[in-house]
Amino acid sequence: MIDSDDFKYINDLYGHDAGDAALKTFAKVLEDNFGQLGKVCRNGGDEFAVFLKRTTRTEGRAIFKKLFRQKLAFGYQGKDYPYTISLGFAVYPGPGGKPGRTLEQG
């Protein structure tokens with residue numbers, strides 16, 4: 001699950017056309033990073049889900065860390081505006097069946 005931080009702020013400050021540009025840019029970033037590995041979906045608003053096929057927890061962690069460390073920006077009316085994201089991931093099948101276990105314990 002991936003969320004664009006403060007997306008409402010982008011819409012409120014720069015307008016909905018800027019928000020649309022930000023979403024389109026971010027969707028392209030996700031497709032570039034994950035398109036060959038799985039499926040990218042928009043849940044709604046600024047929330048996206050990525051489903052990776054045949055990916056281990058270690059591989060997934062490396063892939064998502066790479067995305068998280070990227071400098072992200074969208075262009076609107078000739079200017080670039082940086083933004084950040086929040087993300088988390090889970091592995092199936094994984095340790096989710098036992099209460100109290102985390103991915104790190106896993």
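Surface patches are built here from residues with over 30% relative accessible area and no salt bridge, with like charges joined within 9 Å and nonpolar side chains (Val, Leu, Ile, Met, Phe, Trp, Tyr) joined within 5 Å. A salt bridge is a side-chain nitrogen of Lys or Arg within 4 Å of a carboxyl oxygen of Asp or Glu. The model is a predicted one, in which local features need pLDDT of at least 70 and side-chain atom pairs count only at pLDDT 80 or more, while totals for chains, interfaces and linings use all residues. Residues are numbered from 1 along each chain as its sequence is written, and side-chain values use heavy atoms, leaving out hydrogens and water.

The protein contains 3 helices and 6 strands, taken as DSSP runs numbered from the N terminus (helices H or I, at least four residues; strands E, at least two). Along the sequence these elements follow the pattern β-α-α-β-β-α-β-β-β. Of its 106 residues, 31% count as buried, where buried means under 20% relative accessible area, exposed over 50%, and partly exposed in between (1.4 Å probe, protein chains only). About 7300 Å² is exposed by the protein, with carbon and sulfur atoms supplying 52% of this area; accessible areas come from the Shrake-Rupley method with a 1.4 Å probe, and for residues only the protein chains shown count as cover.

On the surface, Tyr9, Leu13 and Tyr14 make a nonpolar patch of about 310 Å². Tyr9 belongs to helix 1, which spans residues 7–14. Tyr9 counts as exposed because its relative accessibility is 51%.

Just as worth a look is Asp5, in the loop between strand 1 (2–4) and helix 1. Asp5 is buried but has no salt bridge, and the nearest side chain of opposite charge, that of Lys71, is 13 Å away; Lys and Arg count as positive and Asp and Glu as negative, with His and the chain ends not counted. The Asp5 side chain makes a polar contact of 2.6 Å with the side chain of Ser86, and reaches the backbone nitrogen of Ile85 at 3.4 Å. A polar contact is a pair of N or O atoms within 3.5 Å; within protein, one must be able to donate a hydrogen and the other to accept it, and residues adjacent in sequence count only if both atoms are side-chain atoms.

Leu52 sits in strand 3 (residues 47–52) and is partly exposed, at 22% relative accessible area. Neighbours within four places in sequence aside, Leu52 is in contact (heavy atoms within 4.5 Å) with Phe34, Leu37, Gly38, Ile63 and Phe64.
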